[in-house]
Structures are given as structure tokens and as C-alpha cells.
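This briefing walks through side-chain contacts and surface features, grouped by topic. Please keep the sequence and the structure at hand while reading.

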Amino acid sequence: MNTLIKYTLIAAAFAAMPFGAQAADADKGLELAFLPSAREVTLLNEGGKFVTVDMKKLAKGDKCHLEKDAVIVKVGPGATPATTLVRYAAPNLAHGGCPFLTEFEISDEDYTAARAAFTAKTDEASKKVDDLKKQLGDKWNELTKTKQ
């Protein structure tokens, strides 16, 4: 049940992202990725962020914990050489975790691994949907109410 709630909240977070930003991802370089390992990160947001689960505010420079495979979004190059500035793009469901849209830096190497993991999962999901479409045939169009 806890897992269902977690994935529901993650899906809601993606739904809350502006549709214009999703449509313009090719132009603006918006990239999603999965954090390659659990780690403590340093909050870089100006003014800090509020952690709803813990009912407290984290100031810029405070540390918080992110789990492996947390969804992150590339913001741009980091201030430190060989780093990438990213944002945590999912809601926090555990005490001590990071608030939604926490900005932090990871190494370029870790970001490359994170992006590769995300791309592999999206390719796998696309393949499963295509296989399902083939299995269902015309029933797929009925179920999704699309016409070709």
C-alpha cells in the first residue's frame, strides 16, 4: 500500500509540471534521470525549502538524504567544475528526506549514469507498450479510443 501511495505521488508530481516545459524539452534541454545511488546532498536553493513530512524548513547549505533512483531533472552546469546542477523532481515521503525541487550538484559522471538509467527504463517501457499494442490489435484502439 505504501508503494502505491509513493508511485501515485510521484505521478502527481509529474502531472503538476507545466505542460509547456515538457513540450519544449528538446529546445531547452530538459532531461529527467534516476539518481544512481543513495546520498546526502547539500541544498542549493536560495531561501531554502520547506519539508512537509518533517514540518521544518531547510536553509541553503543544509543537508538532506535522497534514495537511489530518485527522479532528478537537469538544470544546467554546476558552479563547481565537472558537476551538473540538478533538482529533485519527486515528493518527499520519508523523514530526513529532501524537499520537492531541491537543487544540488552531482558529478558529471554520476549524471551521465543517471541519465543512462532513465533512458534504459523509458526504452523498456516503450517496448512493453508496443508489444501490448500488437497483442491487443484493434482492441487497443477501442480501449484507448484512438482512431488511425
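C64 and C98 are both buried, and these two cysteines form a disulfide in what is a predicted model. The points below begin with that bond, then turn to an aromatic pair, to salt bridges and to a nonpolar patch on the surface.

**Disulfide**

- The structure holds 1 disulfide, in which the sulfur atoms of C64 and C98 lie 1.9 Å apart.
- The torsion about the S-S bond of C64 and C98 is about 100°, and the disulfide is therefore right-handed.
- This disulfide links distant parts of the chain, since C64 belongs to strand β5 (residues 63-66) while C98 sits in the loop between β7 and β8, 34 residues apart.

**Aromatic pair**

- The count of aromatic pairs comes to 1, and the partners are F34 and F118, whose ring centres are 5.1 Å apart.
- With 55° between the planes, the arrangement of F34 and F118 is classed as tilted, the angle falling short of the 60 degrees above which a pair would count as edge-to-face.
- F34 lies in strand β1 (residues 32-34) and F118 in helix α4, so that the pair links distant parts of the chain, 84 residues apart.
- F34 and F118 are both buried, as are the two cysteines of the disulfide, C64 and C98.

**Salt bridges between separate elements**

- A search of the whole structure finds 7 salt bridges, and one of them joins the side chains of R39 and D110 at 3.2 Å, N to O.
- Because R39 lies in strand β2 (residues 39-42) and D110 in helix α4, this salt bridge ties together parts that are 71 residues apart in sequence.
- R39 is buried, with a relative accessible area of 18%, whereas D110 counts as partly exposed at 23% relative accessibility.
- The side chains of R87 and E103 also meet in a salt bridge, with an N to O distance of 2.6 Å.
- R87 is in strand β7 (residues 83-88) and E103 in strand β8 (residues 103-107), so the pair ties together parts that are 16 residues apart in sequence.
- In this pair R87 is partly exposed, with a relative accessible area of 33%, while E103 is buried, with a relative accessible area of 14%.

**A salt bridge within helix α4**

- The side chains of E124 and K128 meet in a salt bridge as well, at 3.4 Å from N to O.
- Both E124 and K128 belong to helix α4, where they are 4 residues apart and thus separated by about one helical turn.
- E124 counts as partly exposed at 38% relative accessibility, and K128 counts as exposed at 53%.

**Nonpolar surface patch**

- L132, L136 and L143 make a nonpolar surface patch of about 250 Å².
- Of these leucines, L132 lies in helix α4, which spans residues 108-136, and at 38% relative accessibility L132 counts as partly exposed.

**Helix α4 as a recurring element**

- Helix α4 recurs across these topics: it holds D110 of the salt bridge with R39, F118 of the aromatic pair, both E124 and K128, and L132 of the nonpolar patch.
- Accessibility varies among these residues of the helix, with F118 buried, D110 partly exposed and K128 exposed.

Notes
Residues numbered from 1 in each chain as written. Predicted model: local features only at pLDDT ≥ 70, side-chain atom pairs only at ≥ 80, totals over all residues. Heavy atoms only, no water. Patch = residues over 30% accessible without salt bridge, like charges linked within 9 Å, V, L, I, M, F, W, Y side chains within 5 Å. Areas by Shrake-Rupley, 256 points an atom, 1.4 Å probe, with all protein chains shown as cover. Salt bridge = Lys/Arg side-chain N within 4 Å of Asp/Glu carboxyl O. Helix = DSSP H or I, 4+ residues; strand = E, 2+ residues; numbered from the N terminus. Buried < 20%, exposed > 50% of the residue type's maximum accessible area, 1.4 Å probe, protein only. Phe/Tyr/Trp six-rings, centres within 6.5 Å; stacked < 30°, edge-to-face > 60°. Disulfide = S-S within 2.5 Å.
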